[in-house]
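The following exercises are to be worked with the sequence and the coordinates at hand. Each task is followed by a solution in steps.

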Amino acid sequence: MSDVPEAEELVKIDHRPPVFKGWMDTPIEIRQGIACYAGKPKNLEYLGLPNPREWSPMDEDWKLPENWKEIILDGLRDRLERFRSLKIFMDVCVRCGACADKCHFFIGGADPRNMPVLRAELLRSIYRKEYTMVGKIMGKFAGARDLTIDVLKEWWYYFFQCTECRRCSLFCPYGIDTAEITIIGRELLNLLGLNTDWISAPVANCYRTGNHLGIQPHAYKDMIDFFVDDIEDITGVRMEPSFNRKGAEILFITPSGDVFADPGTYTCMGYLILFHYLQSLGLDITWSTYASEGGNFGYFTSHEMAKRLNAKMYAEAKRLGAKWILGGECGHMWRVINQYMDTFNGPADFLEEPVSPITGTKFENAKSTKMVHIVEFTADLIRNNKLNLDPSRNDNLIVTYHDSCNPARGMGILEEPRYVIKNVCNNFFEMPENTIREQTFCCGGGAGLNAGEDMELRMRGGLPRANAVRYVHEKYGVNMLSCICAIDRAVFPDLMEYWIPEVDVTGVHEMVGNALILEGEKKRTMDLRSQPLPGMEVMDEDDEAGEGNGDAE
Ligand code: SF4
Ligand code: SF4
């Protein structure tokens, strides 16, 4: 953070366009604070990706193969044939500009090439030159240009300044999805070994150990054992999670960020408490130390890499003989599961259509993937009056909710988290309408941009979201930003510290864990962060007697 300009400086944005100069004639300058470090050769080698070597985006020479241009154009031709959507997106844009001011990176930084329409033009201009008659004949007058090293550098710089959030696509009258264009752009760059370290290292780790952080099975279990100890200190009740248990009805998979990084760890404690609570009601669930990652940074590299990393979910469910899979709070994990997993690695005919063992609810929406989002699962439990909750344990929190881009725009999970939050805490306020639900603003660090070295980009890109949080903080005193995404939980603490330090970050199941009354628990005086619960310490003995006798029904 020390290299990022002060917030007062960062909001001074010069919106004037370059005078008498088109974007094609304005070469880029790759700036520190905006760009990420290059992918390291050892990780590319491990994954069998092309052209592993030491390089830096700041270098003049990117050490590309001699036939780099041929590789890119062949790759583009191949993808135009395989992805009909790409061909349509290349052809139908009328440059109306409806998307132009919808990208958080453009709003927060004013770089014209961060307008979604122009980000797409970076690729489209080459498409026109190579694959359209008008582009071949008219050149620049038809928005076409030659593929040069400068163009390639421009691609790298700007395709790694898009979080693939799809907010722009919501406003496009033709449904053009710039995120899909970014995805293809990154795939093409990967053909030349042009990835970032923040993406290729987690991908290699995940391929080796099953999770982005490279944590081995025993360490994964150790972490959860720590949480079990902490929960016992707080509640007086000992959780007994099972790992890699064959024959369990449900396999639970969550992002490793929930297991290894605050504040996601408190969300993980919330899952443990919930599962313990449900055990006596018939929940038969196991964690896996092999399918130890729900997230999928492969998706930020190529479709093929996303498929490779996703494969472990079904493979582990098959190995354990589970009936269906429950997934933790995550964003892009669900984009991959909801939109791709069935065709990537399915159909998973060996699994059953998910049915809640507690309520009997059939999750029809998960009929093909066989995988249910935990917030749907918990909302269903509450709806069926299966949880004994004390929302006053979250009374120290004045909460707002950030719709994580992928579950909200990609899956339509809009009501369930709100329903859960309103049942586990008493103080909830929405951010302004045009910044939530389908129109939600990205956290600014998704799609592999959550690095330390591109902090200025993240603070700029996160500005629209932070601005909406500031609004509810000033109007209602909001002090907690909740979300159902592990990347959000990793990105937001820095963003809040920079723009609104009074606001902290939580997952929804952390609040569930606080509110849930466990059979035989001791008086709760601390929340899951081991912070004193205001008001709870002065309860008299009569109040105490009323607690701890929670009934499941
Ligand atoms: S809104 Fe759609 S058609 Fe209009 S400029 Fe943007 S991408 Fe092109
Ligand atoms: S997908 Fe999101 S980050 Fe990418 S151009 Fe569109 S609004 Fe911007």
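**Exercise 1. A helix crossing**

In which hand, left or right, does helix 4 pass helix 10? Determine also the crossing angle and the residues in contact.

Solution. The model is a predicted one.
Step 1. Helix 4 spans residues 84-92, and its axis comes within 10 Å of the axis of helix 10, the two crossing at roughly 110 degrees.
Step 2. Because angles of 65 to 115 degrees count as roughly perpendicular, helix 4 is roughly perpendicular to helix 10.
Step 3. The crossing is left-handed.
Step 4. On the side of helix 4 the contact involves Ser85, Leu86 and Phe89, which meet Glu180, Ile181 and Ile184 of helix 10.
Step 5. Sorted by class, this contact of helix 4 with helix 10 comprises four nonpolar residues, one polar and one charged.

**Exercise 2. A second helix pair**

Describe the packing of helix 11 with helix 15 in terms of angle, hand and composition.

Solution.
Step 1. The axes of helix 11 (residues 197-209) and helix 15 (residues 303-320) come within 9 Å and cross at roughly 35 degrees.
Step 2. This crossing of helix 11 and helix 15 is left-handed.
Step 3. Helix 11 contributes Val203, Cys206 and Tyr207 to the contact, and helix 15 contributes Met305, Arg308 and Leu309.
Step 4. Five of these residues are nonpolar, none is polar and one is charged.

**Exercise 3. The shells of the two ligands**

Establish which residues surround ligand 1, and which helices supply the shell around ligand 2.

Solution.
Step 1. Around ligand 1 lie Cys93, Val94, Arg95, Cys96, Gly97, Ala98, Cys99, Pro116, Val117, Cys172, Tyr174 and Ile176.
Step 2. By class, the shell around ligand 1 has ten nonpolar residues, one polar and one charged.
Step 3. Ligand 2 has 16 residues around it, of which Cys103, Pro116, Cys162, Cys165 and Cys168 come nearest.
Step 4. At least two residues of the shell around ligand 2 come from each of helix 6 (116-131), helix 9 (167-171) and helix 10 (178-190). Helix 10 gives the most, with three residues.
Step 5. The shell around ligand 2 divides into eight nonpolar, three polar and five charged residues.

**Exercise 4. Cis peptide bonds**

Locate the proline that follows aspartate 262 and the proline that follows glycine 346, and state the geometry of each peptide bond.

Solution.
Step 1. From aspartate 262 to proline 263 the peptide bond is cis, with omega near 0 degrees. Proline 263 is situated in the loop between helix 13 (257-260) and helix 14 (264-279).
Step 2. Glycine 346 and proline 347 are likewise joined by a cis peptide bond, omega being about 0 degrees. The loop that holds proline 347 runs between helix 16 (332-345) and strand 4 (371-373).

**Exercise 5. Positive phi values**

Is lysine 370 buried or exposed? Is asparagine 385 buried or exposed? Give the phi value and the loop of each residue.

Solution.
Step 1. Lysine 370 has phi near 65 degrees, a positive value in a residue other than glycine. Its place is in the loop between helix 16 and strand 4.
Step 2. Lysine 370 has 27 other C-beta atoms within 10 Å, and is therefore buried, the criterion being 20 or more.
Step 3. Asparagine 385 also departs from glycine in type while having a positive phi, near 60 degrees. Asparagine 385 belongs to the loop between helix 17 (374-383) and strand 5 (399-401).
Step 4. With 10 other C-beta atoms within 10 Å, asparagine 385 is exposed, for which the limit is 12 or fewer.

Key. Residues are numbered from 1 along each chain as its sequence is written. Chains are lettered from A and ligands numbered from 1 in the order in which they are written. This is a predicted model: local features need pLDDT of at least 70, side-chain atom pairs count only at pLDDT 80 or more; totals for chains, interfaces and linings use all residues. A residue is near a molecule or strand if its C-beta atom, placed from the backbone, lies within 6 Å of it. Helices (H or I, at least four residues) and strands (E, at least two) are DSSP runs, numbered from the N terminus. Ala, Val, Leu, Ile, Met, Phe, Trp, Tyr, Cys and Pro count as nonpolar, Asp, Glu, Lys and Arg as charged, and the others, Gly among them, as polar. Axes are lines fitted to C-alpha atoms, for helices over the stretch in contact, and angles run from 0 to 180 degrees between N-to-C directions. Angles under 35 degrees count as roughly parallel, over 145 as roughly antiparallel, 65 to 115 as roughly perpendicular and the rest as oblique. A crossing is left-handed if the near helix is turned anticlockwise from the far one by less than a right angle, and right-handed if clockwise. Two residues are in contact if their C-beta atoms, placed from the backbone, lie within 7 Å.
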